[in-house]
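This report looks at charged and aromatic side chains, and at where they sit along the chain. Please keep the sequence and the model in view while reading.

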Amino acid sequence: QSMDSHPEQIALRPKEFFCTYDIEVLTEMQVAAVDVKSKIAVFKDGFKMEYNKLLIATGNTPKTLSCKGKEMENVFNIRTPEDANRVVKLATSKNVVIVGASFLGMEVAAYLTERAHSVSVVELEHVPFKKFFGERVGRAVMKMFENNRVKFYMQTEVSELREQEGKLKEVVLKSGKVLRADVCVVGVGAVPATGFLKQSGINIDSKGFIVVNKMMQTNIPGVFAAGDAVTFPLALRNNKKVNVPHWQMAHMHGRIAALNMLAHGTEISTVPYLWTAMFGKSIRYAGHGEGFDDVVIQGDLDELKFVAFYTKSDEVVAVASINYDPIVSKVAEVLAAGRTIRKRDVDIVIFLSFRTGDMSWLTGKGS
């Protein structure tokens, strides 16, 4: 989570790679429409390109604030390395307000604590990550941030951004509180960047996600989609259509889509896995916990050394941990083998993972 990286440091491939493999990269070009009958992508400037196979991986567009002053200088949605670099520069020894206790918001908050004069987080919920990690884990993470001088203003939102001499000066909250702010970073969620496909005939759900099957194929032959903009069937959750906007998943989507575009029939069967680091603590997460109805926690939340199992009905659907490796990886292996972990198996999973390191009992026979 370095905010002072430059594009070439974090590019997945160097420019030479594309030349070597005869891949044409068109930058600063935008597709405005797709004509699936003629198999043509129409660009914003009128340029047209034919395709045999098409992959749509347009990702997300960040939501913006709707209050007065949102267009002001020094108010950022972090989208590019340049945005991140600029935030770090402007935040140094200054007051930072972060709107939204999202992954983006919290990672930026953690990164800036050592550089900024003050860091404040404004959030609608009463605990960060409540939907994702549940109340108890969310509270433990919040405490870790508070111990690192981050101030939280919960269950409120921004009503106005105020300027002085053209620059951001204050963030006014609906609660009436006024926060001093030189920089404001907005992390209040995102929507899929699929508006240009509205008339295309490509199937898009009510939230704007492109619907794909296990081959990453849309309802239109030859048209595939991948990454944050799609919902796909997750084997782990009985092929429920889900959206998982994480790095590992985008990699896997791209790989599966490419194999199928080349007619190597391959279905997606991966277990979502993500990690993030804040204040030197690594949070690991595997599975898909959406709609969990219980959390079974082992270890010590106060000491930030624990594992949390997220269950729905009687089944473990996700697991998260801090300072409790290698358990999340072990659980991911069990789930990847197509095994179900029941609530009552949680103790044995922990025992096997730590005492013996051997999970073959679970991966071999299931429960």
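## Aromatic pairs and a cluster

Rings of Phe, Tyr and Trp, the last represented by its six-membered ring, are taken to pair if their centres lie within 6.5 Å. In this predicted model, the structure holds 14 aromatic pairs. Among these, F103 and F133 have ring centres 6.1 Å apart and planes at 70 degrees, so the pair is edge-to-face, since planes over 60 degrees apart count as such. The two residues come from distant parts of the chain, F103 belonging to helix α4 (residues 103-112) and F133 to helix α5 (residues 130-133), with their positions 30 residues apart. Both F103 and F133 are buried.

Y285 and Y310 form another aromatic pair, this one tilted, with 6.2 Å from centre to centre and 45 degrees between the planes. This pair, too, links distant parts of the chain, given that Y285 is in strand β20 (residues 281-287) while Y310 is in strand β22 (residues 305-312), 25 residues apart. Y285 is buried at a relative accessible area of 4%, and Y310 is buried at 0%. The four residues described here belong to one aromatic cluster, which is formed by F103, F129, F132, F133, Y285, F292 and Y310.

## Charges over rings

Aromatic rings also have charged partners in this model, as two arginines show. R13 lies over the face of F17, at 4.2 Å from the ring centre, and the charged end of R115 sits over the ring of Y111, 4.0 Å from the centre of that ring.

## Salt bridges and a network

Side chains of opposite charge can pair when their charged atoms come close. The count of salt bridges comes to 12. One of them joins the side chains of K68 and E160, with 3.7 Å from N to O, and it connects distant parts of the chain: K68 is in the loop between β5 (60-62) and β6 (75-76), whereas E160 is in strand β10 (residues 158-164), the two being 92 residues apart. K68 is exposed, with a relative accessible area of 60%.

A further salt bridge is formed by R162 and E170, whose closest N and O atoms are 3.5 Å apart. R162 counts as partly exposed at 33% relative accessibility, and E170 likewise counts as partly exposed at 27%. Through salt bridges that share partners, K68, E160, R162 and E170 are joined into one network. The side chains of E71 and K70 also meet in a salt bridge, at 3.8 Å from N to O; here E71 is exposed, with a relative accessible area of 69%, while K70 is partly exposed at 34%.

## A buried aspartate without a salt bridge

Which side chain of opposite charge is nearest to D83, and how many Å away is it? It is R79, at 6.5 Å, and D83, although buried, has no salt bridge. Because a salt bridge requires a side-chain nitrogen of Lys or Arg within 4 Å of a carboxyl oxygen, the separation of 6.5 Å between D83 and R79 does not qualify.

The backbone of R79 is nevertheless a partner of this aspartate, for the backbone nitrogen of R79 lies 2.9 Å from a polar atom of the D83 side chain. D83 has its place in helix α3 (residues 81-91) and, with residues up to four places away in sequence not counted, touches F76, N77 and I78.

Terms used: Residues are numbered from 1 along each chain as its sequence is written. This is a predicted model: local features need pLDDT of at least 70, side-chain atom pairs count only at pLDDT 80 or more; totals for chains, interfaces and linings use all residues. Side-chain values use heavy atoms; hydrogens and water are left out. Helices (H or I, at least four residues) and strands (E, at least two) are DSSP runs, numbered from the N terminus. Buried means under 20% relative accessible area, exposed over 50%, partly exposed in between (1.4 Å probe, protein chains only). Lys and Arg count as positive and Asp and Glu as negative; His and the chain ends are not counted. A polar contact is a pair of N or O atoms within 3.5 Å; within protein, one must be able to donate a hydrogen and the other to accept it, and residues adjacent in sequence count only if both atoms are side-chain atoms. Contact means heavy atoms within 4.5 Å. Rings of Phe, Tyr and Trp (its six-membered ring) pair if their centres lie within 6.5 Å; planes under 30 degrees apart count as stacked, over 60 as edge-to-face and the rest as tilted. A charge sits over a ring if NZ of Lys or CZ of Arg is within 6 Å of the ring centre and within 35 degrees of the ring normal.
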